[in-house]
Amino acid sequence: LQQRCKALEGERDALADELAMAVTMQQKLTADLQSLPHLQREVVNLRRQQELTLELLGAREEELDDTQLTCEEMRLIFRSEMDRLMEFVPGSNRWQAPKLPFPPSQR
């Protein structure tokens, strides 16, 4: 009977330890659950911020593309003007008077 009593006491102690661990775990989970709404709001805010950042990045990329196209156009215009002006450089095989876009009487 004493052996049985000691075995039951050991089982009781083990169950008490298990219960204490379960209560501790339950308290931790309750605390985590209470912080969940704050974390959810933070996730929503971070997602919003990410969307805005991506939108701004897209706008900057569009601006960059436009600027690169403008620079390329300006380079081509500059090159064309330089080629046209080189036609009038003395010593060139193509020395001739400049061609004006309008008749001289309209100046």
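Here is a friendly conversation about a predicted model of one protein chain.

Trainee: What should I know about the model before we start?
Mentor: Residues are numbered from 1 along each chain as its sequence is written, and side-chain values use heavy atoms, with hydrogens and water left out. This is a predicted model, where local features need pLDDT of at least 70 and side-chain atom pairs count only at pLDDT 80 or more, while totals for chains, interfaces and linings use all residues.

Trainee: How many helices and strands does the chain have?
Mentor: Helices (H or I, at least four residues) and strands (E, at least two) are DSSP runs, numbered from the N terminus. Counted that way, the chain has one helix and zero strands.

Trainee: How far apart are the end C-alpha atoms of H1?
Mentor: The expected span of a helix is 1.5 Å times one less than its number of residues. For the 85 residues of H1 that gives 126 Å. The model agrees with this, as the end C-alpha atoms are apart by 117 Å.

Trainee: Where does H1 bend by about 35 degrees?
Mentor: The bend at a residue is the angle between axes fitted to the seven residues ending there and the seven starting there. A proline, proline 37, follows the bend within four residues. The bend itself is at leucine 36.

Trainee: What share of the 107 residues in the chain is buried?
Mentor: Buried means under 20% relative accessible area, exposed over 50%, and partly exposed in between (1.4 Å probe, protein chains only). Under that rule, the buried share of the chain is 1%.

Trainee: What part of the area that the chain exposes do carbon and sulfur atoms supply?
Mentor: Accessible areas come from the Shrake-Rupley method with a 1.4 Å probe, and for residues only the protein chains shown count as cover. The chain exposes about 10300 Å². Of this area, carbon and sulfur atoms supply 60%.

Trainee: Which residues form a nonpolar patch on the surface?
Mentor: Patches are made of residues with over 30% relative accessible area and no salt bridge; like charges are joined within 9 Å, nonpolar side chains (Val, Leu, Ile, Met, Phe, Trp, Tyr) within 5 Å. Leucine 39, found in helix H1 (residues 2-86), is partly exposed at a relative accessible area of 42%. Together the patch has about 270 Å² of accessible area, and its members are Leu33, Leu36 and Leu39.

Trainee: How many salt bridges does the count come to?
Mentor: A salt bridge is a side-chain nitrogen of Lys or Arg within 4 Å of a carboxyl oxygen of Asp or Glu. One of them joins glutamate 72 and arginine 75 (2.8 Å, N to O), and another joins glutamate 81 and arginine 84 (3.3 Å, N to O). The count comes to six.

Trainee: Which residue meets aspartate 32 in a salt bridge?
Mentor: The partner lies in helix H1 as aspartate 32 does, four residues apart, about one turn of the helix. Aspartate 32 is partly exposed at 38%, and its partner is partly exposed too, at 47%. The two side chains meet at 3.1 Å, N to O, and the partner is lysine 28.

Trainee: How many disulfides does the count come to?
Mentor: A disulfide is a covalent bond between the sulfur atoms of two cysteines. The rule asks for a pair of cysteine sulfur atoms within 2.5 Å. Cysteine 5 is partly exposed at 39%, and cysteine 71 is partly exposed at 49%. The number of disulfides comes to zero.
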